[in-house]
Amino acid sequence: MDIRISAESADGYVGDAVVVGLFESAALSGPAVEVNARLDGMIQRLVDVGEIRGRPFEVTILHTYGKLPAARVAVVGLGQARQADLFALRRAAGAAARILRDRGCRRVGTALHQAFSGPRPEQLVRAVVEAAYVGLYRGEERKTRRELPDEFDEIAVLGVADEHREAASAVARVAQVGGTATNYARRLVNLPANDITPTALAEQAVDIGKRTGLEVEVLEPARLREIGMGALLAVASGSDQPACLIVMRYRGKGSGPQVAFVGKGLTFDSGGISIKPAEKMHIMKSDMAGAAAVLGAMQAVAELKIPLDVMGVIPASENLPSGHAYRPGDVLTAFGGSTIEVISTDAEGRLILADALGYARQQGATHLIDIATLTGACIIALGYTTAGVMGNDNELVEAVLDAGERVGERMWRLPLFPEYRAMLDSLVADLKNVGGRPAGTILGGWFLREFVGETSWVHIDIAGTSWSEENEPHQIEGATGAGVRTLLALAERMAGGVM
Ligand code: BES
Ligand code: ZN
Ligand code: ZN
């Protein structure tokens, strides 16, 4: 899909459709006024009779019959002007892209961002382009008859003044790479556990290495045993699929902060002996969404040649019950020697991440960011729209929250007060993997904290945000690609010397 940044006006764009925005109960403004005039007042008439109201997700498609060079005009609702932020722009841009694609449009010009005056032009361009990618993804990975193609031939972002052109074009490329990486992650998460085994996940990393030149190493069970990854091996012990630790190394600078993205790669989480209820168990194919986010982000960082050293570390495993499976009550020895009493075999993500975080530190990471579908409790606390964030370094936490804000991923910090630690005390071991139902997400975070020592670390719980059960106008149901763009934006920020 070509992304073109252009100074053209909406009423001059030649293509299948041109998109203009409208706030709820507000007068037409900017490009909508120009287009309305060329259509002899058609948009205003539809507003007057209440057919166009400017409500969120409202998309009205008008044919222009030669009154404009574009064959169609899409008037897209932006909601209340008071609440107009980049999140609103993203929803509108995604919904418009999806509808126009489904109506057969191939070349689309958008003036949607011109309704916004607050954010900088680059922010608007990033929001529109990323949202288009997110909106256009179809998720029909294993359908034998797929509707093709998903994308447009061209998106032209209109009305960008010449002095903003260069910066906007640069950001459009970042948005294009980030949007593509997001959909790549969604594809991996939507694919079933019989396709995406731990070994298949490693093959994906090797592929990315071949495409981008970053270095990939896959540690297999024999090696994992040698170096003492007792937690990862225990989780994998119930499955016939061998576990692995995937290590990707991108050296964009050769010095400075050594960043590690660590992603939970549970390719299927049945709960193990502490087995989950059957009802929604199939969704647990998405328990490798953290790993997918890391794969997507590593691909994007390498493709964009971000001047920063970034390591991607993915512990990959299945969690199944069997005669070989680990049990509640078992005591495991994690990488580095700490002992863990297993209370529930369903709290397996923190176990495999404990080994992976320890390994990333040993490999020289100075900044750890882990991302994981870690706790159902995070859905109870923050719902499906907002990821939970915890950490031991305020500056790095702020950097992650800011990165999320800039790419349209909602995140909220939870505390890691010292009082919580006692809930993980174990009689027989250094700590236990579950401390009861209260503060479930925080305890998951606290558990991980035990394995990062003094290294700067942030944990992102995407249990709620990585999967959508609702087919929304701006984003189809299923995998969302949560975290890819946040990790990319964080890398950009850290490369720029801004923490
Ligand atoms: N993968 C799950 C968490 C999860 C639940 C992700 C729902 C997405 C949607 C994780 O391994 C798990 O099962 N966690 C347990 C922890 C508990 C035993 C302390 C949970 O949330 O119930
Ligand atoms: Zn689990
Ligand atoms: Zn899990």
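1. A useful term to start with: on a 1 Å grid over the protein atoms alone, a cavity is a set of points where a 1.4 Å probe fits but cannot get out, and lining residues have an atom within 4 Å of a point. By this rule there are 2 cavities of 30 Å³ or more, where a volume is the space filled by probe spheres set on the points, with grid points joined across faces, edges and corners.

2. Please keep in mind that this is a predicted model, in which local features need pLDDT of at least 70 and side-chain atom pairs count only at pLDDT 80 or more, while totals for chains, interfaces and linings use all residues. Residues are numbered from 1 along each chain as its sequence is written, chains are lettered from A and ligands numbered from 1 in the order in which they are written, and side-chain values use heavy atoms, leaving out hydrogens and water.

3. Now look inside the largest cavity, which holds about 90 Å³ of space. Its lining includes V19, F152 and I155. The helix α3 (86–102) is among the elements that supply at least two lining residues, and α3 gives the most, with 3.

4. The second largest cavity has a volume of about 30 Å³. Among the residues lining this second cavity are V20, P31 and Q114.

5. Finally, visit ligand 1. An oxygen atom of ligand 1 is 2.9 Å from an N or O atom in the side chain of D269. For the side chain of D346, the corresponding distance from a ligand 1 oxygen is 2.8 Å. A polar backbone atom of G376 is 2.7 Å from an oxygen atom of ligand 1.

Note on methods. Polar contact = N/O pair within 3.5 Å; in protein donor to acceptor, adjacent residues only side chain to side chain. 1 Å grid on protein atoms, 1.4 Å probe; cavity = no way out; pocket = protein on both sides within 12 Å on 5 of 7 lines; lining within 4 Å. Helix = DSSP H or I, 4+ residues; strand = E, 2+ residues; numbered from the N terminus.
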